[in-house]
Structures are given as C-alpha cells and as structure tokens.
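These are my notebook entries on one protein chain. I set down what I looked up, entry by entry.

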Amino acid sequence: MPDAVPTPPTPRLGAAHPVLVGMIRDALDSGVPLVLLHVDIEHFASVNQNMGVDVGDAALDAVGQRLQDRVAGRGQAWRHGSDEFIVAVSQAGADAQAAQTLALELIAEIERPLEVLPYTLFLEARIGISLCPHHGDDPSMLLQLAETAVRRASETVDEPVQLHATGVHERTQSESTIARQIVDALPNGEFRLRYQPKISARDGRVIGMEALVRWQSPVLGPLLPERFLPTAERIGLILKIGDWMLERVIVQVRAWREQGFDDFFVGVNVTTQQLLQPDFVDRLLARMQHAGLPMSSIVLELNERVLTQNSTDVVYRTVSALRHEGIAVTLDNFGTGDASLGALVRYPADILKIDRSFISAAPAGSRETAIVRALIAMGHQLGMKVIANGVESEAQLGFLRRADCDYFQGYLFGEPMSADAAGQALRRRYLRPELFTATQSDRTLLLVDDEQNVLRSLVRLFRRDGYRILAAGNVRDAFGLLATNQVQVILSDQRMQEMDGTEFLGRVKMLYPDTIRLVLSGYTDLATVTDAINRGAIYRFLTKPWDDNKLREHIRQAFRTYEAQRVREPE
C-alpha cells in the first residue's frame, strides 16, 4: 500500500520555532537530554527531475509522516529546506551511542520502499546529530552543528551518521571503532541471522530463504552487513563470521526439517576467502552429513565479482566440486560488476540473481528493463534458474512473470525476518497468493492517449464491443498496465509529450512482442511511420479523425490477427 500523505503536510522549521524552543527549555529544566537530528535525503533532485515535482512533494510528505510516526510521543519532525528534515527527540541517557542508534532507525524507515504511484522509490539518507545540553542550548547553534555534521556524513562513503565532533566525543562509528568492536562481537553473541523468503514465480510458494547476517552491537547499535563486513574482511575476521553463518544455518535447516518442512533451500553468502580454503568442501559436506541434510537444502551465493578476480581458477575448482556433490551455487548481484559474458559461460552456476538496481527500473520500458529480459533469457539458455532480487511492487512482479523469471525475492513478499517468523512463512507455504491468481486475459485492449477527451471517446467507442478496456493517459502508466495485465491489442496516439507513439510501441515490441500494436495520429510523418512498420513496431497506422465503424473493424481484425498468431505457435 502507498504511504499515506499526512494532512497537514510536515511543518517547516525555523530556529525560533516555538515547539523546538520549548523542547530545548524542557531539556534544560528536566535534565532529560534532547537529540537534534538533521536528515538529508540523498540525490533527491533526480526524483523531481525525472518523475515530476508532484511526485517529489508526495514522497517528501510520506517521508515526513514516517519520521513523525517513528518518534511519536517523544519527539517532533519538521521539513527543513527542499529535501531535508529536522527531528528533535527527548531521550533519557541520550549519549552518542543512543543518538546514533536512533539515527540508524530513522534511516531504516526512510530506506523502506516508498510507493508514490505509479513509482516505487528507494531513498537514501544521511544524518547529522547535535545534543542538548552537551553541545549547547541555543536553537540556531544546535541546528548549525547538526547541519555541519550531516555535511560531513555526505562526504563519507560508509558512515551515513555523524555526531558533532568535540574534544570529548569522537566519531564512534569510524572504521577503527568498528574494527575494535567487531573483534569481540562473535564470542559475545552479537551477530544475528535473518531470513528473507524466496518465492516461486508460478504460484507464490515459498521455495527457499536467504540467510542474512546482522550485527547488534551494544556500542554502535544495529548494523547492516555492508557497514561491517568490509572491515571484517580487512582485518581477517570474515572467515570466522562465514563459518559461524554456515554452522547456524545448518542447525536451523535441520530444525525446520524436523518440523516437517523438507521442500525448500536456504541460500548462504560465501566469500572468495572461504572458497579458497583447501578444506572448505570437505568441512561443509561433513557438517551437512552429520546433520542429516540433503545437499539440495543449502545453496551457496557468490558475488558476481568473484568472476573477475585472479583466484577464479581455484574458486572454479571449488565450486565445481561442490556442484558435483549436489550443492547448488547462485551468482549474486549479477549485472553490477565487471564480469564478462565469457566468464559467465565458463563458470558453473545453477541460479542467476539479478541485482535489485535493475529490478527497481522495471517495468518502465527503460534500458534496465530490456537488460532484465535479456539476463533472464540468457540465464535460461545457459541452463540456470533466474531470481529477481528487490521485487517491491505489483508492477515489477507482473513484468517479471511475463518475462519468465523463475523466482522472486523482495519486500513485496517479506523483509528479512527472525527464524521464528520465517518458520511461520514456511507453514503458510504461499505468500501473497492473490498476486498469482489467474487474471482475465481474453480480448484486452489498451488505449494510450494524453488527451483525456480523446481517451474517453475511445473508451466509449470500444466498450460496446465487449472488450476488457485499459486506458492510460501517459506512457508511464501504460507500461505499468502492460506489466500487470495480459494485453493483446494496443492502440496508441502518435503525438505524446513523453515520447511519440512509434517509439513507445517500439519499446513495447521489445518487452511484449506478442502484442498487436496500432498507432492513431492526426498527422503523418511518413519516414517515421515507414520505419516503424518495417521494424515490426506497429501493425497498422490509422489517422484522425476516425470513422467509428472502420476503427472498430481495425481493432476486431487486430484481435483476429492475435488469435491467428497463437494458433501458429508451436505447443
């Protein structure tokens, strides 16, 4: 469901805002510290430029509502500038650790997929922090200190949260601090495993899970793997963490199988360093045999960059040995690295996972969308199953199903969850089954025209013929309807603001080649039309003003052509 837009919108903030001034006065009088957080939404200008100011404003209102909901009862959130927010929270024991933990919670709220129809946005944020009374009690000064801190956060790659630095307080989430804290994290039991479902594209059945590691640090708060695994790899702890993950996953899979769940697998991320260990295969096989697990119950997930490293030959032999024993391998985050297609052909793998950065662009008819279809086709040609990572919307799901993707993973079906919650998902067997029910596919006509009067006239004209009619006033909405519906015939206007009809239908031909595509135009660009017809982008070019009976006959003929194509297709 899309985030509700708050009414009234998130208030704007100035240094003299009476609520902020009152909260600072209360902090001084009561002794309960106040945490002031300056939240900066990264690269938000691109949302306004690419999707429009209305979408941008709705997204910022939704973010403001999320922030306000998160601090309800203990704080207040304000809009501050074009794409920034100020959050003030009264929090007992608000030291550096507690303040940074709060900031990470707010970032997690912002980074949850945000639906502003017809888009699903994936936002990122940086936060700067100042503390009252520790850093001062003047509103303007506290705001300035938090703003300076967030600018410093914007200049760092791995530290999205920055506390105002003083002689007493150092940056507690620097890499050196992570390195010191992570040494004792494993023996102190600070790591947690979370499981995210993998879903069958056929019917929504849970066919597997991915095990994901989280660090619950008593000093740094909750950390995602991208925050601490690079440091763990640098200081040589990655092997111990990877070994711990495999051991815990094997124990968990055995427990689930003893509960009667025996038709699923769990994917576990492994690093190049693990695969380079001479005894890695023997130790893994021994563990699984000791636990009484079939080899098919564990799938190892390798990052695509392993294909480009100098150790590829050694890893190749290790993976080949694993697959010979029946342990499957997934190539993770495919499409984001520098691996060549030649390396992919040579490399043994069972599942290809398409990176979420490509999925987030679907189904808008973009280059990424074409790449997704190509990767799915290529994976199938190489004998691999294909899983799409980061499926967040029904439009993405519809497009991927029509593109014959095999598996899905993403927030549409569930976020990373505890073992208990994952067990409940396995008991349910099917997640979001309503998304996989058969939809009406017979005689569906899509009408596309950015002139609303013309669009309404076309809808009235064809309604009498009993078609299932879909109408879109722009190309963006049309791609969304194509992704979620089985459309046979498309009638598009030629002159539209986003792109002309022949270009639109050319993209449709690439994504949905079985459709019958017609253009309706009040003017004729003979060269453009001839080229589109020669490329097979359009089936027929029709002119405005139209004759109702002739236009209806053209559409009837288009449906007959579609049916004739289906008859000719081999079983």
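**Entry 1: a pair of strands.** I began with Asn 269, which stands opposite Glu 301 in strand S12. I note that two strands pair if DSSP finds at least two bridges between them. Helices (H or I, at least four residues) and strands (E, at least two) are DSSP runs, numbered from the N terminus. Strand S11 (residues 265–269) and S12 run parallel and are joined by 4 bridges. S12 also pairs in the parallel sense with strand S13 (residues 328–334), over 5 bridges. In that second pairing I found Leu 300 opposite Val 329 of S13.

I then asked how many of the 6 residues of S12 are buried. I take buried to mean under 20% relative accessible area, exposed over 50%, and partly exposed in between (1.4 Å probe, protein chains only). The count for S12 (residues 298–303) is 5 of 6, so this strand is largely enclosed by the rest of the structure.

**Entry 2: the basis of the values.** I recorded that this is a predicted model, in which local features need pLDDT of at least 70 and side-chain atom pairs count only at pLDDT 80 or more, while totals for chains, interfaces and linings use all residues. Residues are numbered from 1 along each chain as its sequence is written, and side-chain values use heavy atoms, with hydrogens and water left out.

**Entry 3: Glu 210.** I located Glu 210 in strand S9 (residues 206–217). Its relative accessible area is 5%, so Glu 210 is buried. Its side chain is joined to that of Asn 269 by a polar contact of 2.9 Å. A polar contact is a pair of N or O atoms within 3.5 Å; within protein, one must be able to donate a hydrogen and the other to accept it, and residues adjacent in sequence count only if both atoms are side-chain atoms. Not counting residues up to four places away in sequence, Glu 210 touches ten residues' worth of listed partners, among them Arg 194, Lys 198, Glu 301, Asp 332 and Lys 353; contact means heavy atoms within 4.5 Å. I also noted that Glu 210 and Val 299 are 89 residues apart in sequence and 9.0 Å apart in space, C-alpha to C-alpha.

**Entry 4: helix H18.** Which residues of helix H18 (residues 475–484) are buried? I listed Val 475, Ala 478, Phe 479, Leu 482 and Ala 483. They cover an arc of only 135 degrees around the axis, which puts them on the same side of H18; the arc is that of the directions from the helix axis to the C-beta atoms. An α-helix has 3.6 residues a turn, so residues three or four places apart point the same way. The cover over the buried residues of H18 includes helix H15 (394–402), strand S17 (444–448) and helix H19 (501–511). At the N-terminal end of H18, Asn 474 acts as a cap, with a side-chain oxygen 3.2 Å from the backbone nitrogen of Arg 476.

**Entry 5: Thr 515.** I found Thr 515 in the loop between H19 and strand S20 (516–521). Thr 515 counts as buried, at 2% relative accessibility. Its side chain reaches the backbone oxygen of Tyr 512 at 2.8 Å. Leaving aside neighbours within four places in sequence, Thr 515 is in contact with Val 487, Gln 488, Ile 490 and Val 508.

**Entry 6: the chain and its confidence.** The protein chain has 21 helices and 21 strands, and 53% of its 571 residues count as buried. I looked up pLDDT, the predictor's confidence in each residue, from 0 to 100. Its mean over the chain is 84, and 87% of the residues reach 70 or more. Over residues 167–173 the pLDDT is below 50. Where pLDDT is low, the predicted coordinates should not be read in detail.
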